[in-house]
Amino acid sequence: ENKDQKFVYDFTEGNKELKDLLGGKGANLAEMTNLGLPVPPGFTITTEACKVYLESGAEPLALRDEVSAHLDALEKTMGKKLGQADSPLLVSVRSGAKFSMPGMMDTVLNIGLSDKSVEGLAQQAGDERFAWDSYRRLIQMFGKTVLGVDGELFEEALEEAKTAKKVTVDTDLDAADLKKLVKQFKKIVKAEAGRDFPQDPREQMDLAICSVFESWNTDRAKLYRRQERIPGDLGTAVNICSMVFGNLGPDSGTGVAFTRDPASGHQGVYGDYLQNAQGEDVVAGIRNTVPLADLESIDKKSYDQLMQIMETLENHYKDLCDIEFTIERGQLWMLQTRVGKRTAGAAFRIATQLVDQGLIDEAEALQRVNGAQLAQLMFPRFDEKAKTELLGRGIAASPGAAVGKAVFDSYTAVKWSRSGEKVILIRRETNPDDLDGMIAAEGILTSRGGKTSHAAVVARGMGKTCVCGAEELEVDTKRRRLTVGGTVIEEGDVVSIDGSTGKVYLGEVPVVPSPVVEYFEGRMHAGADDADELVQAVHRIMAYADRVRRLRVRANADNAEDALRARRFGAQGIGLCRTEHMFLGERREMVEKLILADTDDEREEALKALLPQQKQDFVELFEAMDGLPVTVRLLDPPLHEFLPDITELSVRVALAEARKDHNENDLRLLQAVHRLHEQNPMLGLRGVRLGLVIPGLFTMQVRAIAEAAAQRIEAKGDPRAEIMIPLVGTVQELEIVREEAEQVIAEVQQRTGVELKLALGTMIELPRAALTAGQIAEAAEFFSFGTNDLTQTVWGFSRDDVEASFFTAYLEKGIFGVSPFETIDKDGVGSLVRSAVEAGRATRPDLKLGVCGEHGGDPESVHFFHEVGLDYVSCSPFRIPVARLEAGRAAA
Ligand code: PEP
Ligand code: MG
């Protein structure tokens with residue numbers, strides 16, 4: 001600890017920029033004080049003091065003296081001393097971190113009351129009941145938060161007192177009742193805490209300060225920070241504020257107010273007021289509040305003053321503010337203000353309203369919204385007001401709200417959906433075989449796998465709701481049922497899944513559609529009702545973002561339908577077309593033939609059969625993306641993924657043998673499955689390695705691309721195909737593929753007489769590729785960072801398993817705040833990306849650079865990719881608006 005460090009700031013010394021040091025509450029109290037608003041005098045102990053306390057277990061040496069000096073000054077200002085017997089100064093001790101953590105940390109009011117000063121307060125206020133009520137509140141709060149007494153004990157005693165008197169509300173207890181209650185509360189403290197309730201006011205204050213420091217590290221505070229991604233080492237400030245009382249009679253009261261409606265963004269009088277009450281009464285809902293507008297008839301002077309202050313605050317903060325205030329005998333006091341939380345929809349509306357009011361410019365408007373809010377607005381939601389029965393919880397893998405009948409296999413999903421049923425496909429985990437079922441289903445629920453599991457990635461790609469890794473759910477696909485606790489869900493029972501929260505419900509939860517998607521889809525335009533107002537705001541903000549962003553945004557899409565949607569959503573091309581999706585379904589048989597081929601002739605025949613199909617796929621894709629770049633990635637996954645499951649096939653073969661029913665093809669298949677089996681398929685025969693080992697495979701794909709491009713040009717189209725080689729680790733691999741590809745392209749050019757400009761590039765998804773990017777750039781016209789595999793290989797984490805296995809423990813231990821598969825790990829993976837960008841450009845200054853891993857649609861990662869100078873990000877169609885917005889925010 002630094003000797004000259006200042007740990008305590010008077011409210012007159014701070015300002016709103018000092019949130020790191022004074023916390024949000026302290027910084028804003030200071031700001032209001034300096035604006036000349038009526039804030040009860042006080043001072044703030046810095047977060048630095050808290051950090052020292054948490055690290056060393058003791059307050060900084062200088063703190064006590066500094067607090068004494070500030071307390072002296074406060075006592076002079078107020079003309080009374082803390083806890084003074086005849087006319088006590090009372091203070092509140094409130095927590096206040098940089099980021100708001102509502103209700104997570106401690107606060108103690110009425111510090112300074114004791115057996116002696118309670119009498120003084122009674123006299124000073126001319127209200128004995130009030131004084132004893134304040135005292136019992138102090139013992140209760142102090143007992144619970146500072147001394148760790150179970151709060152229930154106080155509540156029970158209070159309830160008993162009311163029952164004994166046959167009344168129901170606290171205010172019906174008179175001074176004599178409360179005196180008795182205070183005695184009882186003190187007994188509870190003594191019995192439970194093993195010490196007397198401290199009578200020395202300064203001791204009360206010092207203990208309360210330490211307790212606030214400690215409350216930074218309670219389990220619930222830690223949990224909240226993890227969820228909100230608030231760093232764990234910030235610490236909290238402590239605000240010592242002279243008490244004002246809203247419970248001094250009918251001309252007193254307390255309330256909360258918003259300068260605009262936090263749900264709609266509309267300006268108006270929003271808030272609640274409670275007469276003759278203190279702040280916690282409002283929160284606890286002990287008595288019913290009245291709408292803030294009613295204050296006008298209760299206390300016109302205070303109401304007018306409050307309206308004036310709210311206007312001042314809005315104009316000063318240039319944003320929606322929320323406020324806590326107290327009226328003490330007709331005198332208005334501001335206890336807190338901050339830039340208020342709002343719904344996602346209100347954030348967009350308020351940002352554009354403030355632009356219209358001339359309070360902020362477009363660049364600032366972009367900072368007032370974010371991609372997470374936009375994503376929230378894009379998914380249909382469950383009606384919040386609906387009654388629900390929670391079954392369990394998994395990983396929120398792909399947002400949205402889906403309702404349907406439970407089915408446990410792809411076949412049933414397709415069959416039922418064809419007959420008009422809505423279904424939820426429930427599997428332990430999914431694989432490419434489930435694709436048809438996933439397409440047919442409203443949503444996908446799995447009990448295994450994380451955010452990059454097959455189910456999650458494919459669902460996100462399709463914009464389909466998915467909850468994965470819901471481990472409490474026992475999925476029994478054989479018996480077609482799901483068990484959780486004592487509940488059994490049979491095939492056909494209705495379930496609802498929320499891909500934004502990971503929650504799984506029994507039965508149908510009603511859903512409301514998203515007008516924002518209707519807008520992006522071009523199905524909704526301007527109008528006057530509430531939804532359209534939101535759409536207008538989104539429309540304007542997107543225009544600001546598009547105007548300033550440097551990053552281009554492409555889509556990960558592999559069929560014309562997705563490509564067209566992506567275009568509607570603003571995609572400027574396709575950054576990743578995964579061709580393996582074109583090898584499934586009916587074509588599987590051809591792929592099997594290819595894999596099983598014993599001779600060159602057989603292989604060539606199989607490839608020949610695949611060629612026209614592939615070509616047609618590309619023709620459609622290039623047409624859908626006419627005039628825009630389409631990056632086609634050659635086949636990537638290990639071949640065994642296209643073969644039947646080893647266990648199922650073994651059983652089939654064994655059964656056939658037993659029946660003496662010899663099936664030559666199955667036998668060959670089984671041999672092939674065994675031959676291709678790998679312990680670590682993700683590190684095995686896949687990507688460019690396949691292309692080098694299976695003769696003719698990549699050249700067939702290149703031919704299909706080239707012929708499709710030629711056909712489109714002949715049809716007066718403008719195809720802009722780019723050929724991308726996956727999983728390259730060394731430039732030599734790329735050179736071989738490149739040579740072969742160039743030959744094929746030349747052949748097609750010659751035969752068709754059409755000039756083709758096909759760029760050839762590579763993915764960077766192995767550490768070695770990133771480390772030798774300078775060499776690789778010699779053979780590549782573009783790089784696309786495959787950050788899924790790059791994250792997998794840099795960390796040595798299996799992307800399909802870790803999130804469901806040990807990531808929870810890692811997150812709990814704070815090893816990372818968010819999965820590196822979701823948000824780019826800047827220090828590790830990101831630093832490889834950065835250096836590969838530099839090395840690549842050093843070799844080839846016009847090297848085109850993009851990213852097509854899942855991170856391409858993640859808000860925080862988009863900012864990183866902007867910063868390292870990529871040319872584009874590529875993401876699933878539904879994340880395109882989010883990526884556009886974040887790219888704009890990064891550039892603004
Ligand atoms: C990647 O690895 O980041 C990538 C985009 O490829 P895939 O997810 O298909 O392995
Ligand atoms: Mg990859």
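In the predicted model, strand β25 pairs with strand β26 (residues 629–633) through three bridges, and the two run parallel. Within this pairing, Arg578 stands opposite Arg633 of β26. A second partner is strand β24 (residues 552–556). Two bridges join β24 to β25, again in parallel orientation. Here Ala555 faces Ile574 of β25. The connection between β24 and β25 involves helix α21 (residues 560–568), and these three elements form a right-handed β-α-β unit. Strand β25 spans residues 574–578, and four of its five residues are buried, so the strand is largely enclosed by the rest of the structure.

Strand β25 also contributes to the surroundings of ligand 1. The shell comprises Leu576, Arg578, Asp636, Glu765, Gly786, Thr787, Asn788, Asp789, Cys852 and Gly853. At least two of these residues come from β25, and at least two from α31 (787–795). Helix α31 supplies the largest share, three residues. By class, the shell divides into two nonpolar, four polar and four charged residues. Arg578 thus appears twice: in the shell around ligand 1 and opposite Arg633 in the pairing with β26.

Helix α22 (residues 588–596) was examined for burial. Val591, Leu594 and Ile595 are buried in this helix. Viewed down the axis of α22, the buried residues fall within an arc of 95°, so they line one face of the helix. An α-helix has 3.6 residues a turn, so residues three or four places apart point the same way. The packing partners of the buried residues of α22 are α23 (600–624) and α25 (664–676).

How values were computed:
Residues numbered from 1 in each chain as written. Chains lettered and ligands numbered in written order. Predicted model: local features only at pLDDT ≥ 70, side-chain atom pairs only at ≥ 80, totals over all residues. Buried ≥ 20, exposed ≤ 12 C-beta atoms within 10 Å, placed from the backbone. Arc of directions from axis to C-beta. Contact = placed C-beta atoms within 7 Å. Pairing = 2+ DSSP bridges. Right-handed = clockwise from strand over helix to strand, strands pointing away. Near = placed C-beta within 6 Å. Nonpolar A, V, L, I, M, F, W, Y, C, P; charged D, E, K, R; others polar.
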